[in-house]
Amino acid sequence: MKLTRRLLRPFSSVLAHKLEHYACMQPSSLSMQEYIDIGRKETATASFVFVRNELLVRLANIMKEMTFLPAKLLSMPSVGRVTNWYYQSFEDLLYFENADVDCSTVNTFNDQLQVIMKRHSDVVKTMAAGLLELKNAGGISMSREPSIQYFLDRLYTNRISKRMLQNQHCRFFHISKFKCSEIDD
């Protein structure tokens, strides 16, 4: 299914193509044990490669789900802000899609994850503001639009899983610059 033009209009065709590509992928399903094992056993390289791909998949999937929201909700300013945050984060991570795995790249990636986490810190509050904007504009009722509640459940679950991956990766490398010798060849 194509991402709707109303969400992609301001973005390049290359970005739209990449969104379609990653939106067709399923996010990796991780058990709590696998999640713990990643932090214990994986190297800097393995973590970087997994997280950069997984975040692109998860962002693209939730952005695809946004296309199923009622147009009136998507036109609310706060919802537009959230949508733009997701697109910006997707574009930021796309920079690392085929990047060489070296010390500098992983450190830059870690810095970018911190920027993304800060950008998304108010997603819940901003999305709630968008729902209030819709209500005040005499928009549709949440109880009559199950697609909105379904999307919100998916958005918040997706947000939690992305945060866990980002936090684990950053904590694994202590957010600080790690030595180049920690990257396996």
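**Helix geometry and packing in an all-helical predicted model**

With 17 residues, helix α7 (residues 103-119) should span 24 Å at 1.5 Å a residue, and the 24 Å between its end C-alpha atoms agrees with that figure. The coordinates come from a predicted model, and α7 is a convenient place to begin a tour of it. The buried residues of this helix are C103, T105, V106, N107, F109, N110, Q112, L113, I116, M117 and R119. Two of these names, Q112 and R119, return below in the account of D92.

Stepping back to the whole chain, the protein has 9 helices and 0 strands. Read along the sequence, the pattern is accordingly α-α-α-α-α-α-α-α-α. The protein comprises 185 residues, of which 46% count as buried. Among contacts between residues at least 6 apart in sequence, 84% join residues at least 24 apart. Individual examples of such pairings follow, helix by helix.

Helix α6 offers a good link back to α7. D92 is located in α6, and at a relative accessibility of 14% this residue counts as buried, the cut-off being under 20%. Its side chain is joined to that of Q112 by a polar contact of 3.0 Å. A further polar contact, at 2.8 Å, connects the side chain of D92 with the side chain of R119. When residues up to four places away in sequence are set aside, D92 touches Q112, I116 and R119. Each of these three partners also appears among the buried residues of α7.

Another residue of α6 is V79, which counts as buried because its relative accessibility is 2%. Beyond its neighbours within four places in sequence, V79 is in contact with L73, L74, M127 and G130. V79 and E133 are 54 residues apart in sequence, yet their C-alpha atoms lie 9.2 Å apart in space. M127, G130 and E133 all take part in the meeting of α6 with α8, the next topic.

Two packed helices are described by the angle between their axes and the distance between the axes. For helix α6 (residues 77-94) and helix α8 (residues 123-136), the axes come within 7 Å and cross at roughly 145°. On the α6 side, the residues involved are P77, S78, V79, R81, V82, W85 and Y86, and they meet V123, T126, M127, A129, G130 and E133 of α8. By residue class, this contact divides into 8 nonpolar, 3 polar and 2 charged residues.

What span does α8 reach from its first C-alpha to its last? The 14 residues of this helix reach 20 Å, close to the 20 Å expected at 1.5 Å a residue. Buried positions in α8 are V123, T126, M127, G130, L131 and L134. Viewed down the axis of α8, these buried residues fall within an arc of 145°, so they line one face of the helix. K125, L132, K135 and N136 are exposed on the other side of α8. The helix is followed by G138, which has a positive phi near 70°.

Attention now turns to helix α4 (residues 44-66), where N61 is found. With 14% relative accessibility, N61 counts as buried. A polar atom of its side chain lies 3.0 Å from the backbone oxygen of M25. The side chain of N61 also reaches the backbone oxygen of V57, in this case at 2.7 Å. Apart from neighbours within four places in sequence, the contacts of N61 are with Y22, A23, M25 and P27.

Two leucines complete the picture. L19 lies in helix α2 (residues 13-23), and its relative accessibility of 0% places it among the buried residues. The C-alpha atoms of L19 and L94 are separated by 9.8 Å, although their positions lie 75 residues apart along the chain as a sequence separation. L165, in turn, has its place in helix α9 (residues 146-172). This residue counts as buried at 3% relative accessibility. A distance of 9.5 Å separates the C-alpha atoms of L165 and S47, which are 118 residues apart along the chain.

Definitions and conventions. Residues numbered from 1 in each chain as written. Predicted model: local features only at pLDDT ≥ 70, side-chain atom pairs only at ≥ 80, totals over all residues. Heavy atoms only, no water. Axes fitted to C-alpha atoms, helices over the stretch in contact; angles between N-to-C directions. Helix = DSSP H or I, 4+ residues; strand = E, 2+ residues; numbered from the N terminus. Contact = heavy atoms within 4.5 Å. Nonpolar A, V, L, I, M, F, W, Y, C, P; charged D, E, K, R; others polar. Buried < 20%, exposed > 50% of the residue type's maximum accessible area, 1.4 Å probe, protein only. Polar contact = N/O pair within 3.5 Å; in protein donor to acceptor, adjacent residues only side chain to side chain. Expected span 1.5 Å × (residues − 1). Arc of directions from axis to C-beta.
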